[in-house]
Amino acid sequence: MKKVKLSEGLSLSAVVQGFWRLDSWKWSAVELARFMNECIDRGVTTFDTAEIYGGTLCETLMGQAFEQDRSIRNKIQLVSKTGIFKEGGFGYYDTRYDRVKQSCEESLKRLHTDHLDLYLIHREDPCIDFESAAKALTELKKEGKIGEMGVSNFDPHKFNGLNKAVNGQLVTNQIEWNPVCFEHFNSGMMDDLTASGIHPMIWSPLAGGRMFDPNDSLCAAAMKTIKRIAEKHDADPSAIIYAWIMYHPAGAVPISGSNRLDRLDTAIKALDIRLEHYEWYEIYKASGQQAIR
């Protein structure tokens with residue numbers, strides 16, 4: 001499996017396994033450990049989670065699997081996130097120093113590990129104090145509790161603000177991108193990341209399954225083009241989408257969130273697909289949202 005180098009100390013597998021919906025899989029620790037080992041056997045060695053997933057349950061379940069098979073943790077790069085909280089059903093963000101430090105400690109305990117390979121601020125907090133968040137992340141790295149730091153869903157202004165506060169130590173921005181979502185192209189975030197040589201991680205590359213909903217007009221329009229290109233390459237349409245994401249010079253790392261190994265295999269097969277340059281643009285404008293000016 002190809003590796004994507006985020007820093008001197010951290011490389012991710014070119015396809016990441018996500019555990020966003022792990023709490024709905026209803027698996028035992030034995031079953032989850034078996035799945036994790038199947039991922040590792042395929043070269044997918046980067047696992048992504050967050051404290052908010054399942055209301056912290058997803059981290060807990062992963063920790064139980066690590067305890068079930070203690071060989072797993074040393075074979076993977078473990079990613080988690082902080083910053084999203086709920087109070088009485090009300091969602092809000094908290095990226096202050098004390099909260100970030102506390103969240104990391106709690107995640108480590110749930111995951112039964114002494115460090116995270118990559119720790120992300122989960123959302124672009126409109127009340128963020130860059131220096132406060134930066135102090136927490138910097139201390140966690142010095143303490144060896146995190147290997148590298150990054151963010152998720154940040155716009156260019158907040159990314160650059162925090163990156164300045166941590167002296168350029170952010171190694172990724174985990175963002176949503178798929179054939180019907182172009183927020184980070186239109187904001188300039190993708191251009192900034194590409195220019196800086198910072199590889200984004202990509203969540204929801206298949207739009208959470210929406211891409212295959214014939215009643216979604218944007219997805220249906222995009223899939224018409226994607227299916228035509230898939231036939232040309234004798235490939236699954238899902239693999240074409242993954243290949244399209246990985247084609248971009250930003251060196252994006254897509255996250256597969258399914259618990260089905262056949263779907264993970266499809267994502268892996270995308271590494272061998274060689275799109276024509278013009279095909280990338282065909283998919284870029286297929287939904288009708290983007291124009292080639």
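**View 1. Threonine 56, a partly exposed residue in a loop.** In this predicted model, threonine 56 has a relative accessible area of 28%, so it counts as partly exposed. The loop that holds threonine 56 runs between β4 (46–48) and α2 (57–68). Look at the backbone here: phi of threonine 56 is positive, about 85°, although the residue is not a glycine. For background, most residues other than glycine have a negative phi.

**View 2. Aspartate 234, in the loop between α8 and α9.** Here is another residue other than glycine with a positive phi, this time near 50°. Is aspartate 234 buried or exposed? With a relative accessible area of 73%, aspartate 234 is exposed.

**View 3. The start of helix α9.** Which atom does a side-chain oxygen of aspartate 236 reach at the start of α9? The partner is the backbone nitrogen of serine 238, and the oxygen comes to within 2.7 Å of that nitrogen. Serine 238 is itself one of the buried residues of α9.

**View 4. Helix α9 and its surroundings.** Helix α9 covers residues 237–247, and ten of its eleven residues are buried, so the helix is largely enclosed by the rest of the structure. Among the buried residues are Pro237, Ala239, Tyr242, Trp244 and Met246. What do the buried residues of α9 pack against? Their neighbours are two strands, β11 (201–203) and β12 (253–256), together with the helices α8 (217–233), α10 (261–269) and α11 (277–285). As a reminder for reading a helix, an α-helix has 3.6 residues a turn, so residues three or four places apart point the same way.

**View 5. Helix α8 crossing helix α9.** The two helix axes come within 8 Å and cross at roughly 95°. That angle makes α8 roughly perpendicular to α9. On the α8 side, the contact is made by Met223, Ile226, Lys227, Ile229, Ala230 and His233, and on the α9 side by Pro237, Ile240 and Ile241. Sorted by character, the residues of this contact are seven nonpolar, one polar and one charged.

**View 6. Helix α9 crossing helix α11.** How do these two helices meet? Their axes come within 10 Å and cross at roughly 110°. This makes α9 roughly perpendicular to α11. From α9, the residues Ile240, Trp244 and Tyr247 meet His277, Trp280, Ile283 and Tyr284 of α11. The residues of this contact divide into six nonpolar, one polar and no charged. Ile240 also takes part in the contact of α8 with α9.

**View 7. Cysteine 127, exposed in a loop.** If you are looking for this cysteine, find the loop between β8 (116–121) and α4 (130–142). Its relative accessibility is 65%, so cysteine 127 counts as exposed. Threonine 95 lies 32 residues away along the chain, yet the C-alpha atoms of cysteine 127 and threonine 95 are separated by 8.3 Å.

**View 8. Glutamate 183, in helix α6.** Helix α6 spans residues 183–186 and includes glutamate 183. At 45% relative accessibility, glutamate 183 counts as partly exposed. Its C-alpha atom is 9.8 Å from that of asparagine 153, a residue 30 positions apart from glutamate 183 along the chain.

**View 9. The annotated region.** An unreviewed UniProt entry lists residues 16–285 as "domain: NADP-dependent oxidoreductase". Over these residues the chain is 45% helix and 17% strand. The end C-alpha atoms of this stretch are 26 Å apart.

How values were computed. Residues numbered from 1 in each chain as written. Predicted model: local features only at pLDDT ≥ 70, side-chain atom pairs only at ≥ 80, totals over all residues. Heavy atoms only, no water. Buried < 20%, exposed > 50% of the residue type's maximum accessible area, 1.4 Å probe, protein only. Helix = DSSP H or I, 4+ residues; strand = E, 2+ residues; numbered from the N terminus. Contact = heavy atoms within 4.5 Å. Polar contact = N/O pair within 3.5 Å; in protein donor to acceptor, adjacent residues only side chain to side chain. Axes fitted to C-alpha atoms, helices over the stretch in contact; angles between N-to-C directions. Parallel < 35°, antiparallel > 145°, perpendicular 65-115°, else oblique. Nonpolar A, V, L, I, M, F, W, Y, C, P; charged D, E, K, R; others polar. UniProt positions renumbered as here; feature names shortened; annotations may be inferred.
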